[in-house]
Every structure is written in structure tokens, then in C-alpha cells.
Amino acid sequence: MKPSVQSILITESQIEKRVHELGKQISKDYDKSDLVLICVLKGAILFFADLIRTLAVPARYEFVQLASYHNDTKSSGVQMIQGLYQDLFRADVLIVEDIVDTGMTLDFLLNHIESFEPTSVKVCSLLDKPDRREVPVTIDYLGFKIPNSFVVGYGLDFAQHYRNLPYIGVLDGDSVALGS
Amino acid sequence: MPVLVKSLGVGVDREACIRWLARDPIHHLMLLGDLYPPLISVSEIYVATDEGQIVGVGSLFRGFSTPSVIITEDNPTVQNALLTKMSRRLESEWITLSTCTSSSVLCQFGNRIYSHIELQMLLHEPIPTPVKPARLIQREEFNSLNQFYNEHRVEAWTPLMFEMGPFYGVWHDGQLITAAGIHFVTPFIAQIGNVFSHPRFRGQGYATAATAGVMNHLRGMGIQIISLFVVAENAPAIRIYERLGFVKERELIFAHNVSTGSLRNETFSAVNPNH
């Protein structure tokens, strides 16, 4: 059985309003910059697509995909499934994430991007789940701070479903725990 | 003048780097592979220069769940400079493949928790071998191949490799039971890899057939040097490769390391459920 959406946490109109606010702020901050926006697949795809259409500044775009691995040992790693092709040297990089929770994958990506010696690296995330943070990371542009619930929609999935929902919804907790 | 280490793209030309490495493609094969797309997109390349001349190259490959460190072999001073720069980007664990000489330099940057000897073998005179029942794996069959490798935890596999060169497979009742392919292909050298047979179907010549398919395909592409790595203790695999015309070239040490104090020492303990 597919778990059901228990409630709507952030409505479509709230998202639209906040995305426009973020786009306006980013456009102001990155005026006359060599801006490169990096979309973290797959979750950020809808947020990214809407955000870049609100920008009033020229920008280059890149797409990365990361996978987190957890094993029996203390340490696990992050693997790049799809990486970067553009030279980021002296660029102003803005990572666009759907959600930051443990901070693990974001920290990995920040570390990797820094190796290209960009002028600046900042983070824009639609959602922040600070209760789950394990690695300290700074979010420079934040859409919404949310509680520690399992959320889906607007790009975020549960078992690859629900990404197309136009809102952020909370999944039924029991269903998620049972893995149904 | 001290050795300077820069990232590729920070005043160092990729073509110059490839030219420098291609002087000795057999010993620089892993670094050459990381400099070609799509592997370059998940690699951090570091170049050591002395008075403007390239003297060494290092790669931090992020296409595996544990990052892989490869450096050029010649000079300990250069190796130290490369590793010092690269170590700032390393997580707590990393793997490497190196000669015995370089291994001692690498030991300064990580404590070895596992190691084994790998053999590099090169194709000298190919011995004609039937490719049937193996055949080229088509793009629409990629998901079967990816699932097969993931289910059997084939370690040196990343889906990006499918973009670089041929993979051959054998099917039984609609299921992929053997596959062989490449780790990378460059104009100078290709590395055969990801050779795996389901345990129930071993000893029937399927891996030989699939590897022959890959080998012939690469030769048809005009690749002059065809290499592979095999665990030195894996006698059955070595026999297969020798029957195909491969000859032992050199020994390398594969090592799994935990970073020492100078490195970043973060541990990751959870998976982000929302990604």
C-alpha cells in the first residue's frame, strides 16, 4: 500500500510566493557576477526550474546527482552519480537543494566544489530540517524551515513517487515507518 | 623552485595534462581515464608543476562510494606535494592503487585497513576466441546491467562507465548471468573491467566469451593498448585472461585507508531519506 499524504505543510501559493522572493534576493546579490547555479538532482528539479525563471541576472546551469551510502561500519560515503562539466574557477556558485537535513551530502558537495577554487559558494535550499542536522552547513537562501516529518511533493519523493505534487505534504508516519 | 599543485582548470590545461600523461599510458592509465568524459565530471584532478612544467598528476575520483586516490609514481617530493593538497579534500576513508614505492608515501596520509595485490595485464597477441553466446549489451538493456552489478556488489562499477565503451553479456532465461565491460576508454589505452559471472554459471566459458567480445570491440575501435587489473590471487581469472592473450605487466597494491590526523575526519552515520 502506498502511504497517503496526511496533511499539506506548505501550499502551492506559499511556495510560489517564496520562490519569487528568493529569486528577487538572488538577482540583487548576484548582479554582475559569473553565476553558476547547480541543481542537485532529483529532488531540487521543480524548485530549480521555478527559481531560475524568476532570476533577473544571467547564469550558467549545472546538474549533479549524489547518492548516500550507509554500511555496517561507522563510516559511509557519498557517491557522485552525475558530476560537473563546467569550469567553476572564479565563478560564483549557488547550489540549489530541495532539502537540507543531516547536511551530509551538502557538505560533500561543498567540499568538492571548493576544489575548483570558485570566487564564492553559497547554498539555496527550499527546505531546512534542522532537527536532523549532523554536519554543520550554512544555508544562505532558505525557503522554509520545517519540523522533522517525512515530507513529499514539489520534487521530493517517497520511493520515487509524489515528486509531481505542487505542494509540500506530510506523509502518514506509520506507513513510512512500515516501509509500505 | 618549489613544486606547485593546482586544480585542473586553475591555469592548467587539460590537453597539456593529457599529453604529459600519454607519454606513458600504461603506467598513467587510471589518471588518463579520469581526464576523459564522463569520468572527469566526477573527478578532482590536481597537477604538480615545477617552473611551469608538469611534473606530476593526482586524481581524486568521486564516482565510487569511497573516494579513490591515484597519483603519478615518479618522484616522492612531487607525490608529497600532490597528497598534501589532495588530503584537504578527503573524507575519512579512501582507496588507492599504487606501486610499492608510492605506497610508503601514501602511508603517511592514511592508515591502511585492508590491502591486496593486483596484477596489471596487457593484451599482447590476441588469441581468437568465440564471442557467442555473449553479445553487446544495448542501451535499452542498461537497467538490467546496472541491477546485475548492484545486486552482486561489483565494486568498481559506476553507471557512467556505460557511456565510455562496450559491455558484453550472456543471458539465461531472460536474466543477465555474465557481464564484461570497461572501466574507461581513452584514445591511448582502454581498461577492461567489471567482469562478473553469477556464481551458479561459472566455469562454463561465459566470462571468457564476454571478455573476448569487449576485447574485439575495443580493437575494432582502434585502441592500441588494452589493459586490465585482476586480483593476484584470483588464479581462475588470470587463466581466462592468459587464454585470451593477456600477459602480466606489473604488480600494484590496492589499499583501503583511513585518513590520518592531517586529513578531514568526518564520519557519516545516516542516510538522508528525502533525497
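**Group meeting: a sheet in chain A, a helix in chain B**

Let's start with chain A: six strands form an open sheet there, in the order β4-β3-β2-β5-β6-β7, with mixed pairing. Keep in mind that this is a predicted model.

Which strands stand at the edges? They are β4 (78-82) and β7 (141-145) of chain A. Each has a single partner strand, so one side of each lacks a neighbour in the sheet. From one strand to the next, the twist averages 30°.

Now one pair inside that sheet. Strand β2 of chain A, residues 35-41, runs parallel to strand β3 of chain A, residues 59-68, and seven bridges join them. Take Val36(A): its bridge partner in β3(A) is Arg60(A).

A helix packs on this sheet: α3 of chain A, residues 104-114. α3(A) touches β2, β3, β4, β5 (92-100) and β6 (120-128) of chain A. The direction of α3(A) makes about 130° with that of β3(A).

Over to chain B, and helix α5, residues 142-151. Which of its residues are buried? Leu145(B), Phe148(B) and Tyr149(B). Looking down the axis of α5(B), the buried residues fall within an arc of 90°, so they line one face of the helix. Here is the general background: an α-helix has 3.6 residues a turn, so residues three or four places apart point the same way.

What do the buried residues of α5(B) pack against? Three strands of chain B: β8 (168-172), β9 (175-185) and β10 (189-197). On the other side of α5(B), the exposed residues are Asn143(B), Gln147(B), Asn150(B) and Glu151(B).

Last stop: Arg153(B). This residue follows α5(B), and its phi is positive, near 50°.

Terms used:
Residues numbered from 1 in each chain as written. Chains lettered and ligands numbered in written order. Predicted model: local features only at pLDDT ≥ 70, side-chain atom pairs only at ≥ 80, totals over all residues. Buried ≥ 20, exposed ≤ 12 C-beta atoms within 10 Å, placed from the backbone. Helix = DSSP H or I, 4+ residues; strand = E, 2+ residues; numbered from the N terminus. Arc of directions from axis to C-beta. Contact = placed C-beta atoms within 7 Å. Pairing = 2+ DSSP bridges. Axes fitted to C-alpha atoms, helices over the stretch in contact; angles between N-to-C directions.
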